[in-house]
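Student: Hi! Could we go through this structure together, one question at a time?
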Protein chains: 2
Amino acid sequence: MIHLPDPFPAFDWSSANTFSANALDRCSNLRTDPSFVARSFEDPRARLMLFYGDRVLVTDGDPPRPYLTGDALDAAADAATASIFLGVDPDGVPWFAADVIEAPSPALVASLVDLRTLALEGRAEPSVFGPAAQARAMLFWHHRNRFCGACGHPTELAAAGYQRNCPACGTQHFPRTDPVVIMLIADGDRALLGRQARFTPNMYTCLAGFMEPGETVEDAVRREVAEESGIRVGAIRYLASQPWPFPSNLMLGCLGEALSADITIDHNELEDCRWFDRDEVRAMLAGDHPAGLMTPMRIAIARSLIGAWVAG
Amino acid sequence: MIHLPDPFPAFDWSSANTFSANALDRCSNLRTDPSFVARSFEDPRARLMLFYGDRVLVTDGDPPRPYLTGDALDAAADAATASIFLGVDPDGVPWFAADVIEAPSPALVASLVDLRTLALEGRAEPSVFGPAAQARAMLFWHHRNRFCGACGHPTELAAAGYQRNCPACGTQHFPRTDPVVIMLIADGDRALLGRQARFTPNMYTCLAGFMEPGETVEDAVRREVAEESGIRVGAIRYLASQPWPFPSNLMLGCLGEALSADITIDHNELEDCRWFDRDEVRAMLAGDHPAGLMTPMRIAIARSLIGAWVAG
């Protein structure tokens, strides 16, 4: 029996998510050419995103810019660790990222903004969030791989930041991306939403969890939903993905059909989990729910999944 | 403008892939309970998959079994590193995995089989491949994380193998899964297939590549295809995923529509890349191509993608 695949989607849902649009050409075949990378860094238009932990330096201005250029770039580059090549934008401008390992000055600290706040504020140009997500994930990976996990020896940056090599045992280390499944589970005209105790009060969202070694996307959806809510899931459809730089996740957004109705909450994970009627979810999305219940912030892919389900 | 999502797929394509079916209940909420794990290991029906590098110990018999039980399990457990809890199967039998770090005896070596060979032989029960993929990915991760990447200190196994902690700096490390996009790109009635020089002669398959930090699944498909073939890709549909334990990849299988036709091969990556008519691909699948060209082995998700395109 042949099961024919569905037709192509009319719209790339992924492209509409915050942190998704990334117009940089990563020039991966040129990363190992030190002269290309050095020449790019010397480009007077070059941009450097400077991070301290999960926060990026944002310069004043309208719109605020989470990168440095010109003299400010040169000054920052001296104080930062070896920079990472992010790519070249459609105007031919090379983008780099670096982080400040030592304690930054109070003046620098005052200009640091975490990516979530920057995205929620909505003042920066949309084109900076994709590169910022790329930068944050890469820098976190470098921070976590300064020593070789196989032998404990200090590692060395290579390939313009896309590799770290161990000179002692020869192990090559590559950047890490952690796949996470996030899913809107529906039972006819109701959706399964939950909340963790640490969330904003009254906010309910899709269930989610890290994928584990040795499972498919679909089985990860079924396992996570069963663990957290006791609900069994049948058919599953992938809708969209999103880089989520907190610190280096790949959100795989799915819709799923419930095969059971009785919820058993895992209180280690969730404070609450319930079925919500479509009208109630519509009110939550619109911000006029009578009890003040809410869906997540616009930058989260959960919001897209919930919106897709309400619309469809 | 609202773009309605497609309906649910009638079939879970992922479930049909080798290494995908994994009936173990991972009991993730019990992993941190040492008495549960110890009790499970004492279960006389317990199974232990014993690895040496990428090969698993296979006992004689029909079907051959890539796990040990009873006295053989006890003897192996003494020689192996701390075991990892994989889960409990539908019969209530607990499964574990461990690896042999020191040089194994010649007798042991004679019974080691790599997972690819085991799957291609087709003699082992299908139910063992999911747990074997899980085991191999987990053990590779342990091997690569014996020291803390943040500070270089030796790490300690925790949570029955699903965590390694650094007693020096406190960093917690979690298992790694590397997402890879693999895609059948079509231009009407022709498909884009390529081959690397290291492949079996005459074998052509889908293009593929590791996802990078800060990109969506769809953008990773577009980037990899552009890099390797110069072809631009428009609409993309996710079809199925597959755990691919060589060593710890998550294959994300997609179909994509070509927006251009002229191929520019990246000869660092590919030996050849061409458009193939549907009839030619059908002959390759059936094994009666006049020039002896072939599609990949049945255990690869590429074969499913090619089959779906030929059928649809």
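**A sheet and a helix pair**

Student: Which residue stands opposite B:Leu157 in strand 7 of chain B?
Tutor: Let's start with the terms: strands (E, at least two residues) and helices (H or I, at least four) are DSSP runs, numbered from the N terminus. Strand 6 (156-158) of chain B is joined by 3 bridges to strand 7 (residues 163-165) of chain B, and the two run antiparallel. Strands count as paired if DSSP finds at least two bridges between them. Opposite B:Leu157 in strand 7 of chain B stands B:Arg164.

Student: How far can I trust this, and what is the mean pLDDT of chain A?
Tutor: This is a predicted model, where local features need pLDDT of at least 70, side-chain atom pairs count only at pLDDT 80 or more, and totals for chains, interfaces and linings use all residues. Residues are numbered from 1 along each chain as its sequence is written, chains are lettered from A and ligands numbered from 1 in the order written, and side-chain values use heavy atoms, leaving out hydrogens and water. The pLDDT is the predictor's confidence in each residue, from 0 to 100. In chain A, 97% of residues reach 70 or more, and the mean pLDDT is 93.

Student: In what order do the 3 strands of the open sheet in chain B come?
Tutor: The pairing in this sheet is antiparallel. Strand 6 and strand 8 (172-173) of chain B each have a single partner strand, so they stand at the edges, and one side of each lacks a neighbour in the sheet. The order is 6-7-8.

Student: What ipTM does the predictor give the complex?
Tutor: The predictor gives two values for the complex, and one of them is a pTM of 0.96. The ipTM is 0.95.
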